[in-house]
Amino acid sequence: MIFSRASSAPRWTGIFLLLSTLFALFGPAVMVKHENFKTCDQSGFCKRNRAFADTVASTSSWTSPYTLDPASLKFKDGQLSGTILKSLKDGEEKVQLPLTITFLESGVARVTLDEEKRRKGDIVLRGDSKARKERYNEAGNWALVGGLETAQGAVLSEKVEEGYTKVYYGLGRLQEAIIRHSPFGIEFKRGGETQIRFNERGLLNMEHWRQKVEKPVEEKKEGEEEKKEEAETENKEEEKGEDESTWWDESFGGNTDTKPRGPEAVALDISFPGYEHVFGIPEHATRLSLKTTRGGEGSYNEPYRLYNADVFEYEMDSPMTLYGSIPFMQAHKKGSTVGVFWMNAAETWVDIIKSKSSANPLSLGIGGHTDTKTHWISESGLLDVFVFLGPTPQDLTRQYGELTGYTAMPQSFAIAYHQCRWNYVTDEDVKDVDRKFDKFKIPYDVIWLDIEYTHEKKYFTWDPLTFVNPQKMHKHLEKRDRKLVAIIDPHIKNTDNYPVVDELKKKGLAVKNKEGNDYEGWCWPGSSYWIDCFNPASITWWKSLFKYDSFKGTGPNTFIWNDMNEPSVFNGPETTMPKDNLHFGNWEHRDVHNLNGMTFHNATYEAMLERKKGEIRRPFVLTRSFYSGSQRIGAMWTGDNLAEWSHLEASIPMVLNQGISGFPFAGADVGGFFGNPSKELLTRWYQAGIYYPFFRGHAHIDTRRREPYIPGSPYIEIITQALRLRYQLLPAWYTAFHEAATTGAPIVRPNFYVHPGDEKGFAVDDQLYIGSTGLLAKPVTSEGKESVDVYIADDQPYFDYFDYTTYQGAGHHTVPAALEKIPLVMQGGHVIPRRDRPRRSSGLMKFDPFTLIVVLDKDGNAEGSIYLDDGETFDYKQGAYIHRRFSFSAQYKSLSSSSLNTKGAKTDSYAKTMSKVRVEKVIIVNAPKEWKDKKHVVVSEEGAKESARRKKVEFKYHEAQGKKAAWAVVRDPKVGIGRGWKVDFS
Ligand code: NOJ
């Protein structure tokens with residue numbers, strides 16, 4: 001830890017300096033410290049459930065001990081409820097597990113299983129624990145925001161086999177849930193075909209509450225009888241064949257977890273018959289199509305782990321946990337996408353195996369010969385699973401978004417370029433960096449301050465020696481409409497004369513240890529406390545800290561970065577908090593761990609909304625840790641990557657995976673956080689980074705400066721071109737963000753999402769589509785490349801973005817990619833909006849005119865759209881936006897713009913502010929030959945004066961040359977971007 005982190009403890013300074021010098025000389029010693037993180041075998045509940053899976057697999061006569069009691073079943077208003085009985089080995093006792101299966105209006109089904117005894121609080125906690133007794137049942141309060149209306153149309157089937165209950169639900173009641181009573185299991189069908197099975201392999205396991213039988217302490221003379229009795233009870237457990245060695249206290253890395261509720265894991269096998277690919281469950285540094293974890297070619301040895309953690313120098317190609325968790329998985333095959341959302345916030349492991357398919361052979365494509373089977377294991381909480389039956393990838397992202405929320409529409413600056421490093425060391429340094437960007441004519445929007453800006457790591461303060469005049473620094477940035485992001489972490493320094501820590505303690509808002517006292521641990525400031533954002537009072541207090549008159553030196557253009565919110569605790573087990581710590585409501589940290597980062601991020605978001613009365617602007621808060629729902633709050637990045645080619649390569653599938661998992665505002669540190677990238681790597685990283693929805697350069701404190709103006713010629717020019725390309729396409733990006741914010745569609749999309757029928761492309765994860773624009777980018781992610789092979793899935797023509805070279809035909813196409821060339825092609829059939837005037841920041845482009853690139857498909861048609869609003873406020877919710885559809889029709893030989901707006905109170909006033917903003921150029925790629933001699937086109941615009949109603953506009957045609965497609969330009973049609981108009985090419 002100490003090596004990479006500028007510890008504030010003076011006694012480490014010498015060692016730190018020496019080590020950093022060595023580090024700088026020899027480059028990063030790149031190795032994750034495996035010993036700091038548990039394997040499945042070291043995590044008792046995972047070990048138990050994996051062992052259980054092995055026992056089940058090797059016992060031919062195995063029957064799952066869970067039976068649905070038919071007498072308990074009730075069906076009312078789209079919900080089936082009943083009780084599952086778990087038989088214990090002695091055959092007498094049965095554990096009662098209340099079950100509900102809720103059929104939602106959206107076509108999604110939700111299966112929830114609880115434990116009666118714990119629900120009633122009818123259990124005894126060990127030790128003096130103050131922990132809650134129930135299984136954690138509040139994850140939905142944080143993760144869910146809608147989509148829970150129950151389906152009035154869901155009906156019980158009248159005709160069913162004995163021992164089964166069947167419910168028809170979903171659109172046209174084409175979906176079925178067939179519930180087998182004994183052993184309990186569910187089969188989900190769509191269109192008569194099985195898509196998902198629960199408990200097919202019999203791995204359902206709700207670890208019921210039991211009392212610990214304390215082992216006899218010592219040989220006693222007196223009370224001999226008592227000892228004997230205890231030993232007997234213990235033997236009874238052992239007779240039942242259960243290994244209780246991991247049920248109770250568990251130690252790891254010097255910390256003992258007291259587990260006051262004993263074993264409480266919940267596990268289930270979920271099978272996807274006929275599905276070869278599964279995607280999702282970020283965050284892992286792995287491929288998009290998830291590998292198997294228990295055998296098979298290239299299999300991992302460990303399950304995918306979801307336990308938010310600060311993993312120092314994380315490794316590539318690994319199922320190890322990282323900073324955030326989204327337990328949403330999609331299974332895909334030709335013609336069908338289905339999925340599950342395992343809503344549990346405790347430590348979770350997921351095993352994946354693949355086997356020869358048992359599914360209906362008639363419905364199978366190439367991939368359909370395989371079944372994917374998964375095994376989900378969580379340490380505590382309810383079993384609470386949402387089941388999605390698709391059938392398209394778009395259905396999945398929309399329905400998951402209805403439940404957990406769509407991406408927040410960001411301010412427009414937030415999708416431009418961000419410049420960060422640990423650290424810009426003074427306010428003068430910030431201004432100097434800013435001036436250099438201008439000197440080199442490189443666009444950028446935001447400069448970031450890491451922890452060193454604070455006074456001795458006390459958040460909400462400025463270092464008085466280095467950041468002498470933050471207000472002046474702000475004024476300087478505002479000249480070019482630039483912003484500042486400052487870091488605020490959740491650990492609060494334990495020190496004197498720091499009102500923030502005094503208030504935190506006085507108000508009782510810190511996370512508590514197992515004894516119920518304020519938990520004290522170690523992070524950047526040294527000894528610290530952690531704000532508990534599960535507590536509504538913490539949010540209220542947090543809001544007060546961000547007011548401009550409280551956090552002095554900040555203003556409307558200051559935004560926030562939330563880091564270390566897993567939470568990262570340097571001296572804690574697995575670099576985080578002990579699991580028996582307590583949060584608001586006395587929930588154990590164990591139950592809520594994966595939600596923790598989101599609650600902190602949420603508190604900051606809320607605070608940003610209330611910095612000044614009457615000032616309502618969209619917050620921007622970056623987070624490192626996340627859970628399902630974090631997309632509603634801000635952006636994420638993939639944490640501390642390395643300045644190595646392999647990390648650049650991995651960033652593409654990681655960002656794609658975030659997109660299909662509902663949190664698309666994602667990016668990786670451009671240049672790599674640890675280490676010094678070569679100039680080539682840095683350049684290639686910028687060329688890739690322009691395709692991250694969240695685009696930020698960042699570097700560790702020990703690295704050399706590497707702002708885009710540093711690497712010398714020709715790198716500066718090449719990086720500048722890349723940045724300009726991002727800025728030129730900002731209108732297309734903003735439109736893609738709007739789509740994400742309204743439909744849940746990813747901002748950058750993998751091949752399978754765009755071409756769900758193209759089996760050969762399902763696993764392609766090294767290229768990406770930007771929104772619905774048809775722009776397809778394939779970043780160069782290895783050294784010394786002169787070309788890349790772009791995978792094309794369909795029979796449309798694709799054109800090089802810069803010179804219109806045509807590529808057509810499904811398969812791989814070699815596209816030139818020398819260092820100065822960014823491989824980017826445009827799929828035929830789209831209209832792409834952009835702004836061509838280079839500016840210093842996106843704010844300065846606000847009223848710039850547009851260029852439309854009309855890329856005709858093989859039949860000569862194209863469609864596209866643009867979304868625009870003020871880029872700052874929430875007025876768009878009252879109609880203050882422009883949303884247009886552009887269509888080029890081969891039949892009518894015209895390009896037209898029509899409105900997609902829904903009129904609201906502020907539609908007209910916004911349209912007025914944009915009335916002078918025009919389309920200054922239309923470029924038609926793949927222009928038909930018959931336009932060869934054309935010199936003019938006729939333009940008509942809605943609401944134009946009579947004289948201008950049908951005006952002639954200059955037109956120029958450029959013939960095809962070799963593989964380069966013909967193209968044409970309409971020069972300055974002067975039509976309003978927010979108006980209806982038509983360009984007639986006949
Ligand atoms: C860890 C973050 O991942 C990194 O980006 C940041 O620079 C350091 N913390 C210091 O705040």
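## Disulfide and free cysteines

By the rule used here (a disulfide is a pair of cysteine sulfur atoms within 2.5 Å), the count comes to one disulfide. Residues are numbered from 1 along each chain as its sequence is written, and side-chain values use heavy atoms, with hydrogens and water left out. Please keep in mind that this is a predicted model: local features need pLDDT of at least 70, side-chain atom pairs count only at pLDDT 80 or more, and totals for chains, interfaces and linings use all residues.

The bond is formed by Cys40 and Cys46, whose sulfur atoms are 2.1 Å apart. The torsion about their S-S bond is about -100°, so the disulfide is left-handed. Both Cys40 and Cys46 are buried; buried means under 20% relative accessible area, exposed over 50%, and partly exposed in between, with a 1.4 Å probe and protein chains only. Cys420, in contrast, is in no disulfide, and the nearest cysteine sulfur, that of Cys523, is 17 Å away. Cys420 counts as buried, at 2% relative accessibility. For Cys533, the closest cysteine sulfur is in Cys523 at 15 Å, too far for a bond. Cys533 is buried as well, with a relative accessible area of 2%.

## Around the ligand

Let us turn to the ligand. Of the 13 residues around it, Asp450, Asp563, Arg624, Asp640 and His698 come nearest; a residue is near a molecule or strand if one of its heavy atoms lies within 4 Å of it.

Three of these side chains can be described through their polar atoms. In Asp563, an N or O atom of the side chain is 2.7 Å from a nitrogen atom of the ligand. Oxygen atoms of the ligand come into play for the other two: a polar side-chain atom of Arg624 lies 2.9 Å from an oxygen atom of the ligand, and a polar side-chain atom of Asp640 lies 2.4 Å from an oxygen atom of the ligand.

## Strands β1 to β4

Here is a stretch to follow strand by strand. Helices (H or I, at least four residues) and strands (E, at least two) are DSSP runs, numbered from the N terminus, and two strands pair if DSSP finds at least two bridges between them. Strand β3 (residues 79–87) pairs with β1 (residues 66–68) in the antiparallel sense over three bridges, with Leu85 of β3 as the bridge partner of Thr67. Three bridges also join β3 to β2 (residues 74–76), again antiparallel, and here Lys74 stands opposite Ser81.

Between β2 and β3 there are two residues, and the two strands form a hairpin. Asp77 in the turn has a positive phi of about 45°. On to β4 (residues 94–103), which pairs with β3 in the antiparallel sense over nine bridges; Gln79 stands opposite Thr102 there.

## Thr194 in β10

Thr194 lies in strand β10 (residues 193–198) and is buried, with a relative accessible area of 13%. Leaving aside neighbours within four places in sequence, Thr194 is in contact (heavy atoms within 4.5 Å) with Glu187, Phe188, Lys189 and Pro273.

With Glu187, Thr194 shares a side-chain polar contact of 2.6 Å. A polar contact is a pair of N or O atoms within 3.5 Å; within protein, one must be able to donate a hydrogen and the other to accept it, and residues adjacent in sequence count only if both atoms are side-chain atoms. Ala177 is 17 residues from Thr194 in sequence, and their C-alpha atoms are 9.6 Å apart in space.

## The β25-β27-β26 sheet

This open sheet has three strands in the order β25-β27-β26, with antiparallel pairing. At the edges stand β25 (491–493) and β26 (521–523), each with a single partner strand, so one side of each is left without a neighbour in the sheet. Neighbouring strands are turned by 60° against each other on average, direction ignored.

Three bridges join β25 to the antiparallel strand β27 (residues 526–530), where Trp530 is the bridge partner of His491. Helix α9 (residues 499–506) packs on the sheet and touches β25 and β27. The direction of α9 makes about 115° with that of β25; axes are lines fitted to C-alpha atoms, for helices over the stretch in contact, and angles run from 0 to 180 degrees between N-to-C directions.
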